[in-house]
Amino acid sequence: MENKNQPLTEALFYILLATRQPIHGYGIILEVAGMTGGRVNLGPGTLYGAINSLLEKGWIVLYSAELGSRKKKEYIITDAGRAVFAEELRRLRELVRNGEKMEGGT
């Protein structure tokens with residue numbers, strides 16, 4: 001797996017989460033804003049830069065595209081993307097678990 005020990009950025013994490021079903025770029029923006037209560041707002045430049053990076057890594061693929069329209073491309077996570085996402089969840093759970101131990105004094 002690529003970037004095994006490198007944490008995902010928050011934007012990449014949420015884009016991978018949003019692409020668990022086919023979704024277009026604007027849908028990703030709305031989905032991420034909804035999941036985070038508006039805390040994370042992906043601008044178009046950030047979003048499409050991240051999408052291009054994820055496509056290059058093979059973590060998402062183009063699911064469908066409306067001919068003649070750049071705005072109607074839908075993306076979906078790949079098995080490789082799911083593996084990266086699962087590894088990141090494991091890493092984050094470890095962080096939370098260790099942080100809670102410290103807070104609880106146990």
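Among contacts in the chain between residues at least 6 apart in sequence, what percentage join residues at least 24 apart? The figure is 52%. The structure is a predicted model, and its chain holds four helices and three strands. This briefing describes the order of these elements, the contact of two helices, the buried part of a third helix, and three individual residues.

**Overall architecture**

- Read from the N terminus, the elements of the chain follow the order α-β-α-α-β-β-α.
- The chain has 106 residues, and 31% of them are buried.
- About 6,800 Å² of the chain is exposed, and 53% of this area is supplied by carbon and sulfur atoms.

**The contact of helices H1 and H3**

- Helix H1 covers residues 10-18 and helix H3 covers residues 44-57; their axes come within 10 Å and cross at roughly 70°.
- H1 is therefore roughly perpendicular to H3, since angles of 65 to 115 degrees are classed in that way.
- On the H1 side, the contact is made by Ala11, Leu12, Ile15 and Leu16.
- On the H3 side, these residues meet Thr46, Leu47, Ala50 and Leu54.
- By character, the residues of this contact comprise seven nonpolar, one polar and no charged.
- An α-helix has 3.6 residues a turn, so residues three or four places apart point the same way.

**Helix H2 and its surroundings**

- Helix H2 spans residues 25-35, and its buried residues are Gly25, Gly27, Ile28, Ile29, Val32 and Ala33.
- These buried residues of H2 pack against two helices, H1 and H3, and against two strands, S1 (23-24) and S3.
- Just after H2 comes glycine 37, whose phi is positive, at about 60°.

**Threonine 78, between S3 and H4**

- Threonine 78 is found in the loop that links strand S3 (74-77) to helix H4 (79-104).
- The relative accessible area of threonine 78 is 15%, so this residue counts as buried, the cut-off being under 20%.
- A polar atom of the threonine 78 side chain lies 3.0 Å from the backbone nitrogen of glycine 81.
- Beyond its neighbours within four places in sequence, threonine 78 is in contact with Gly58, Trp59, Ile60 and Val61.

**Glutamate 88, in H4**

- Is glutamate 88, a residue of helix H4, buried or exposed? Glutamate 88 is buried, because its relative accessible area is 5% and the cut-off is under 20%.
- The side chain of glutamate 88 makes a polar contact with the side chain of arginine 91, at 2.8 Å.
- When residues up to four places away in sequence are not counted, glutamate 88 touches Pro7, Leu8 and Phe13.

**Glutamate 10, in H1**

- Glutamate 10 belongs to helix H1.
- With a relative accessible area of 39%, glutamate 10 is partly exposed, because this value falls between the limits of 20% and 50%.
- Which residues does glutamate 10 touch, not counting those up to four places away in sequence? They are Arg39 and Val40.
- Glutamate 10 and valine 40 stand 30 residues apart along the chain, and their C-alpha atoms are separated by 8.5 Å.

Notes: Residues are numbered from 1 along each chain as its sequence is written. This is a predicted model: local features need pLDDT of at least 70, side-chain atom pairs count only at pLDDT 80 or more; totals for chains, interfaces and linings use all residues. Side-chain values use heavy atoms; hydrogens and water are left out. Axes are lines fitted to C-alpha atoms, for helices over the stretch in contact, and angles run from 0 to 180 degrees between N-to-C directions. Angles under 35 degrees count as roughly parallel, over 145 as roughly antiparallel, 65 to 115 as roughly perpendicular and the rest as oblique. Contact means heavy atoms within 4.5 Å. Ala, Val, Leu, Ile, Met, Phe, Trp, Tyr, Cys and Pro count as nonpolar, Asp, Glu, Lys and Arg as charged, and the others, Gly among them, as polar. Buried means under 20% relative accessible area, exposed over 50%, partly exposed in between (1.4 Å probe, protein chains only). Accessible areas come from the Shrake-Rupley method with a 1.4 Å probe; for residues, only the protein chains shown count as cover. A polar contact is a pair of N or O atoms within 3.5 Å; within protein, one must be able to donate a hydrogen and the other to accept it, and residues adjacent in sequence count only if both atoms are side-chain atoms.
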